[in-house]
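I opened this entry to look up strands, pockets and charge pairs. My notes follow in the order I took them.

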Amino acid sequence: MFYNVLNAKKMIDSSKMFEKMTLLEKDNSSLSLVAIKKEEIIDTHTSICDAAVYLVEGKIELHFDAQMFTLEENDILMFKKDHQHKVRALKDSKFLLIKI
């Protein structure tokens, strides 16, 4: 076991284009920190795992088929695998992506 205190707001720069830092990974599960610049879009993709997005900073939209969710700081969105989705940043943003 290891212990590590991390500051998600300071670890990655959201003023750059899309950046992803994987913090933990085992099999198909992972914990990643993602930064996305305002107006940037992460194109439509499908997760092979159930997942959760925790918005650390900024404001993003997640689009699933005909549904759209807006997340603001400290919001969490959970979703099942095999659902196509895309992400759009309304502000420079940082979020934790938890795949389980």
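I needed one definition before reading any strand pairing: two strands pair if DSSP finds at least two bridges between them. I also noted that the model is predicted.

**Entry 1: the hairpin**

I looked up β1 and β2 with that rule in hand. Strand β1 covers residues 19–26 and strand β2 covers residues 29–36. They run antiparallel, and 7 bridges join them. I checked one position across the pair: Glu 19 stands opposite Ala 35 in β2. The two strands form a hairpin, with 2 residues between them. I then looked at the turn. Asp 27 sits there with a positive phi of about 50°.

**Entry 2: the four-stranded sheet**

Next I asked in what order the strands of the open sheet lie. I read the order as β3-β8-β5-β6, 4 strands with antiparallel pairing. The edges are β3 (41–46) and β6 (67–72). Each has a single partner strand, so one side of each is left without a neighbour in the sheet. From one strand to the next, the twist averages 20°.

I followed β5 and β6 further. β5 takes in residues 59–64, and 6 bridges join it to β6. Lys 59 has Glu 72 in β6 as its bridge partner.

**Entry 3: salt bridges**

I moved on to charge. Side chains of opposite charge can pair when their charged atoms come close. I applied a cut-off of 4 Å from a side-chain nitrogen of Lys or Arg to a carboxyl oxygen of Asp or Glu. The count came to 5 salt bridges.

I took Lys 59 and Glu 72 first, having just met them as bridge partners. Their side chains also meet in a salt bridge, at 3.7 Å from N to O. Lys 59 lies in β5 and Glu 72 in β6, so the pair ties together parts that are 13 residues apart in sequence. Lys 59 is partly exposed, with a relative accessible area of 25%. Glu 72 also counts as partly exposed, at 42%.

Then I checked Arg 88. Its salt bridge goes to Glu 61, with the closest N and O atoms 3.2 Å apart. Arg 88 belongs to β8 and Glu 61 to β5, so this pair ties together parts that are 27 residues apart in sequence. Is Glu 61 buried or exposed? Glu 61 counts as buried, at 11% relative accessibility. Arg 88 is partly exposed, at 25%. I also found Glu 39 linked with Glu 61 and Arg 88 in a network of salt bridges.

Last came Lys 94 with Glu 57, whose side chains meet at 3.8 Å, N to O. Lys 94 is in β9 and Glu 57 in β4, so the pair ties together parts that are 37 residues apart in sequence. Lys 94 counts as buried, at 5% relative accessibility.

**Entry 4: the largest pocket**

I turned to empty space. The largest pocket has a volume of about 210 Å³. I listed 15 lining residues. Ile 42, His 45, His 85, Leu 97 and Lys 99 lie nearest the centre of the pocket. By class, I get 10 nonpolar, 3 polar and 2 charged residues in the lining.

Which strands supply at least two residues each of this lining? They are β3, β4 (51–57), β8 (84–89) and β9 (93–99). β9 gives the most, with 3 residues.

Definitions and conventions:
Residues numbered from 1 in each chain as written. Predicted model: local features only at pLDDT ≥ 70, side-chain atom pairs only at ≥ 80, totals over all residues. Heavy atoms only, no water. Axes fitted to C-alpha atoms, helices over the stretch in contact; angles between N-to-C directions. 1 Å grid on protein atoms, 1.4 Å probe; cavity = no way out; pocket = protein on both sides within 12 Å on 5 of 7 lines; lining within 4 Å. Points joined across faces, edges and corners; volume = space filled by probe spheres on them. Nonpolar A, V, L, I, M, F, W, Y, C, P; charged D, E, K, R; others polar. Buried < 20%, exposed > 50% of the residue type's maximum accessible area, 1.4 Å probe, protein only.
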